[in-house]
Amino acid sequence: MQQKLHEVEDYCARSFLLVNVPKTLASAHGPLPDVLPTLTLNNAPLQYVPTATYVGTTFTSTSGDIFRAHYDAKEDAARRTATAVYSLESYVGPLPPRLALHLYHTHVDPHLTAGCEVVLDSRPSAVLGLEAVQKTFLRRALHLSSWSPLTPLFTESGVWPLRYRRLELALRYLRYVLRDGPQLAQAAMEESWQLVVQHSSPSWW
């Protein structure tokens with residue numbers, strides 16, 4: 001890892017780029033050594049953290065599920081957004097279903113599906129909180145009680161159940177990588193495949 005950091009330093013020096021070292025963090029996953037190695041960038045030591053957010057995805061090293069904090073953060077954001085949408089009713093009266101569903105697609109769904117192309121729902125319970133937000137919103141949008149059956153929420157709104165929606169987006173991303181071959185994403189896909197084939201290791205694939 002230190003060698004890769006030196007390569008980053010060299011590349012930045014040649015390209016006239018500056019690295020914000022205080023915002024560059026280190027994280028150790030798996031069994032920890034007795035003494036964590038010191039990693040430096042531009043001769044400054046990097047801070048080890050248990051949780052960090054990179055390109056909108058939160059990773060944590062203190063849970064068996066490295067994306068647990070991501071699910072929690074997106075559930076909280078979706079719930080706050082849904083509450084904000086329905087706070088409009090105190091100003092304009094009850095929202096018509098069509099308008100409520102439009103606000104769902106534009107403001108709530110992006111939080112419920114954020115990062116689902118990378119953060120696969122491999123733990124069945126991981127998405128329960130996100131599903132609860134979706135069901136609550138759809139019940140209010142359709143003016144149904146909290147005890148209403150689930151099937152009409154989706155047949156009457158045209159909204160996909162969240163697990164299927166997230167899986168469909170992940171498969172669409174896989175198709176994009178295989179069809180269009182973006183260089184870095186394709187390299188990551190090949191590495192993921194090799195981990196399975198050569199080492200039987202869990203991976204995105």
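Is Arg79 buried, partly exposed or exposed? In this predicted model, Arg79 has a relative accessible area of 36% and is therefore partly exposed. Its side chain forms a salt bridge with Glu75, in which the closest N and O atoms are 2.8 Å apart, and Glu75, at 22% relative accessibility, likewise counts as partly exposed. Both Arg79 and Glu75 belong to helix α2, where four residues, or about one turn of the helix, separate them.

The count of salt bridges comes to ten, and some of them reach further along the chain. Arg166 forms a salt bridge with Asp121, the closest N and O atoms being 2.9 Å apart. This pair links distant parts of the chain, since Arg166 sits in helix α7 while Asp121 sits in the loop between α4 and α5, 45 residues apart. Arg166 is buried, with a relative accessible area of 3%, whereas Asp121 is partly exposed at 26%.

Helix α7 also holds Arg163, whose partner Glu131 lies in helix α5, so that the pair ties together parts that are 32 residues apart in sequence. The side chains of Arg163 and Glu131 meet in a salt bridge at 2.8 Å, N to O; here Glu131 is buried, with a relative accessible area of 11%, and Arg163 counts as partly exposed at 32%. In addition, a network of salt bridges links Asp109, Arg165, Glu168 and Arg172.

From these contacts the description turns to empty space. The largest pocket has a volume of about 1600 Å³, and among its 39 lining residues, Tyr54, Val55, Phe59, Phe67 and Val118 lie nearest its centre. Two or more residues of this lining come from each of β1, β5, β6, α7 and α8, with α8 giving the most, namely seven residues. By character, the lining of the largest pocket divides into 25 nonpolar, eleven polar and three charged residues.

The second largest pocket holds about 280 Å³ of space and is lined by 14 residues, of which Phe67, Leu120, Ser122, Ser203 and Trp204 lie nearest its centre. Its lining is made up of eight nonpolar, three polar and three charged residues.

On the surface, Leu88, Tyr91 and Val92 form a nonpolar patch, which together has about 370 Å² of accessible area. Tyr91, placed in helix α3, counts as exposed because its relative accessibility is 71%. Ser61, by contrast, has its place in the loop between β6 and α2 and counts as partly exposed at 23% relative accessibility.

How values were computed: Residues numbered from 1 in each chain as written. Predicted model: local features only at pLDDT ≥ 70, side-chain atom pairs only at ≥ 80, totals over all residues. Heavy atoms only, no water. Patch = residues over 30% accessible without salt bridge, like charges linked within 9 Å, V, L, I, M, F, W, Y side chains within 5 Å. Areas by Shrake-Rupley, 256 points an atom, 1.4 Å probe, with all protein chains shown as cover. Salt bridge = Lys/Arg side-chain N within 4 Å of Asp/Glu carboxyl O. Buried < 20%, exposed > 50% of the residue type's maximum accessible area, 1.4 Å probe, protein only. 1 Å grid on protein atoms, 1.4 Å probe; cavity = no way out; pocket = protein on both sides within 12 Å on 5 of 7 lines; lining within 4 Å. Points joined across faces, edges and corners; volume = space filled by probe spheres on them. Nonpolar A, V, L, I, M, F, W, Y, C, P; charged D, E, K, R; others polar.
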